[in-house]
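The following exercises concern burial, contacts and surface character in a single protein chain. Each task is followed by a solution that proceeds step by step.

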Amino acid sequence: MVLRSVLLIILGFQVALNLTRPIITLYASDMGATTFEIGILTAAFAFFPLIFAIQAGRIADKIGDRLPVLFGLIGLAIGMFFPYVFHSIWALYVSQFIVGVSNVFIAVSLQNVLGNVSNNENRDQYFSMFGMAVASGQLIGPILGGYISEHYSYSSAFLTALFISLAPILLFNRIPVILKKSVTKKESLKSSIGLLKEPALKKALISSALVLYSKDIFIAYFPLFAKQHGISNTTIGWIIALQGLSMIIVRFILPAVSKLWGRERVLWISIITAGVSFLLIPISSKVFILCILSCLMGFGLGCGQPISMSTTYNASPKNRTGEVLGLRLSSNRLSQLIAPLFFGIIGTWLGVISVFIVSGMFLIGGSFFVKIRKKGKQVEGEGMIIEKKEVKNGY
C-alpha cells in the first residue's frame, strides 16, 4: 500500500512537472528571452533547493515524511498557477522558484519513505520502481506539454499541469509517519558535509549530479536546437518523451544488470553512453536520428538515479537518512544551478550546438570520478550489491 501510494504520488508530480519544464524554454523564447536568460531561468529551479535541501531532509527526519509531501504537492499547484494567470517572464521565474522548493520536499521525503519501509533485499527494487515512476512522468509529461502548447497555448499547458498536480494530494495521508530517534547533538552543516568522507557516498553524489545537470541541459536547450531546425512543439515533446521511455526500460532490467556486472561498472558505462549521445546531437537535424540519440541518452542517464539513491541511503547513518538524501539533493541542485548559467554563457558566445558538445565532454570526463575500483570485495544481495562495510553497519 505504501509503495503504491509513493509511486502514484511521484508519477502525478512528475507528469505535471515534465509537462511544463520543456515548454518553459519555448515560452520564454517566444517572449524574447536570450539564450543566457533561458540559462538563468533553468537555474532558478535549483536556487532555493540548493539552500534548503539538507534542512528539508532534517525536517523529514524530525516530523516524518507526510507533511513535507503535502507541502510539496501544494507548492507544485501554486507554481503552475502563476504562469497560467500571468503571461510574463517574471511569472516563469516565480514558478520555477516555487516548484524547485516543492521538488525538494517531494524527492527527499518519498525517497526517505521507501528507504524506511524497505530492507537490504528489496531496497534496490523499490528505488528502481521509484525511478520507473519518475521516468513514466518524464514520458507522459513532454508529450502532453508539446501537444497542448502547439494546438492550444502555453497557458493551457500550465492549467492542465495545475489540475494534474491536485490529484496526488488525495494520497498524501497514506504516507506513514516514521520518526527517527532524536539525536542529542544538533548536527551542523559542516557535519553534514563531513559525511562525504564516505567513498561510496561521494561517488553516488557525483554520479547523481552529473545525471541531473545533463537532463536539465537537454530539457532546456534541446527545444531551442530543434526549433532552429523547424521541428514542431509536438515532435519536440515526443523526442524528449523517448528519453523517459528509455529510462523506464532500463530500470526494469537495472537490478539484474547491477547484480551481474556490479553497480560501479553499470554506472560508468551509463555515464559514458550519455556523454557520447550528447556529443552526437549536433551532427544531424533529422528527427529519426534525434530520436535514437534521445533513447541512448535515456538508457545512459536512467541508470544513475536509482543506483545513487540506493547507495546514498545504504551509506547513511540510520538516524540521518533524510538529511543525507537532502545532501544528495543539494549537490544535485548545485550542479543544476551552475550548469545552466555556464552553458547559457557558452550558448550565447558559441551557439546552442556548443552546449551539447561541451556537456558531452563534461560527462565523459566526469565518468572517471566513478571509475571501477580494482580493490575491495563486494557482497551480493538479492537484486543489489552492497559494500561489506555497509553490511557491517546494518545497511
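**Exercise 1. The nonpolar core**

In this predicted model, the largest nonpolar core has 85 residues, and those touching the most other members are Leu-110, Tyr-221, Phe-222 and Phe-356. Determine which helix gives the most to this core, and list the contacts of Tyr-221 beyond four places in sequence.

*Solution.*
Step 1. The leading contributor to the core is helix H1, spanning residues 2–30, with 14 residues.
Step 2. With neighbours within four places in sequence set aside, Tyr-221 is in contact with Thr-35, Ile-38 and Gly-39, with Pro-340, Phe-343 and Gly-344, and with Val-352, Val-355 and Phe-356.
Step 3. Phe-356 thus appears among the contacts of Tyr-221, and both residues belong to the group that touches the most other core members.
Step 4. As a general background, nonpolar side chains tend to be buried together in soluble globular proteins.

**Exercise 2. The chain as a whole**

State how many helices and strands the protein has, what share of its residues is buried, and what part of its contacts joins residues 24 or more positions apart.

*Solution.*
Step 1. The protein contains 14 helices and 2 strands.
Step 2. Of its 395 residues, 59% are buried.
Step 3. Among contacts with a separation of 6 or more, 85% are between residues 24 or more positions apart.
Step 4. The accessible surface amounts to about 16000 Å², and carbon and sulfur atoms account for 68% of that surface.

**Exercise 3. A nonpolar patch on the surface**

Identify the residues of the nonpolar surface patch, and establish which helix gives the most to the patch.

*Solution.*
Step 1. The patch is formed by Leu-334, Ile-338, Phe-342, Ile-353, Ile-357, Met-361 and Phe-362, which together have about 610 Å² of accessible area.
Step 2. Two elements give two or more residues to the patch, namely helix H12 (321–350) and helix H13 (352–366).
Step 3. H13 gives the most, with 4 residues.
Step 4. Ile-353 is one of the patch residues and is located in helix H13. Its relative accessibility is 36%, so Ile-353 counts as partly exposed, given that this class lies between 20% and 50%.

**Exercise 4. Two buried serines**

Ser-149 and Ser-277 are to be compared by position and by polar contacts. For each serine, find which backbone oxygen atoms its side chain reaches.

*Solution.*
Step 1. Ser-149 lies in helix H5 (residues 123–151), while Ser-277 lies in helix H10 (residues 263–280).
Step 2. Ser-149 has a relative accessible area of 8% and is therefore buried; Ser-277, at 2% relative accessibility, is likewise buried. The cut-off applied in this step is under 20%.
Step 3. The side chain of Ser-149 reaches the backbone oxygen of Gly-145 at 2.8 Å, and a polar atom of this side chain lies 3.1 Å from the backbone oxygen of Gly-146.
Step 4. For Ser-277, the side chain reaches the backbone oxygen of Thr-273 at 2.9 Å.
Step 5. Beyond four places in sequence, Ser-149 touches Ile-23, Tyr-154 and Asn-233, whereas Ser-277 is in contact with Leu-293, Leu-296 and Met-297.

**Exercise 5. Buried positions and distant partners in sequence**

For Gly-12, Ile-175 and Asp-216, decide whether each residue is buried or exposed, and give the C-alpha separation from a partner distant in sequence.

*Solution.*
Step 1. Gly-12 is placed in helix H1 and is buried because its relative accessibility is 13%, under the 20% cut-off. Its C-alpha atom is separated by 8.6 Å from that of Leu-166, 154 residues away along the chain. Outside its four-place sequence neighbourhood, Gly-12 is in contact with Ile-164 and Pro-168.
Step 2. Ile-175 occupies the loop between helix H6 (154–166) and helix H7 (189–194). With 0% relative accessibility, Ile-175 is buried. Ser-109 is 66 residues from Ile-175 in sequence, with a C-alpha to C-alpha distance of 9.5 Å. The contacts of Ile-175 beyond four places in sequence are Val-6, Ile-9, Asp-65, Arg-66, Leu-110 and Val-113; of these, Leu-110 is also one of the core residues that touch the most other members.
Step 3. Asp-216 is in helix H8 (residues 199–228) and is buried, as its relative accessible area is 3%. The C-alpha atoms of Asp-216 and Arg-21 are separated by 9.1 Å, with their positions 195 residues apart along the chain.

Definitions and conventions: Residues numbered from 1 in each chain as written. Predicted model: local features only at pLDDT ≥ 70, side-chain atom pairs only at ≥ 80, totals over all residues. Heavy atoms only, no water. Buried < 20%, exposed > 50% of the residue type's maximum accessible area, 1.4 Å probe, protein only. Polar contact = N/O pair within 3.5 Å; in protein donor to acceptor, adjacent residues only side chain to side chain. Contact = heavy atoms within 4.5 Å. Areas by Shrake-Rupley, 256 points an atom, 1.4 Å probe, with all protein chains shown as cover. Patch = residues over 30% accessible without salt bridge, like charges linked within 9 Å, V, L, I, M, F, W, Y side chains within 5 Å. Salt bridge = Lys/Arg side-chain N within 4 Å of Asp/Glu carboxyl O. Core = buried A, V, L, I, M, F, W, Y, C linked by side-chain atoms within 4.5 Å.
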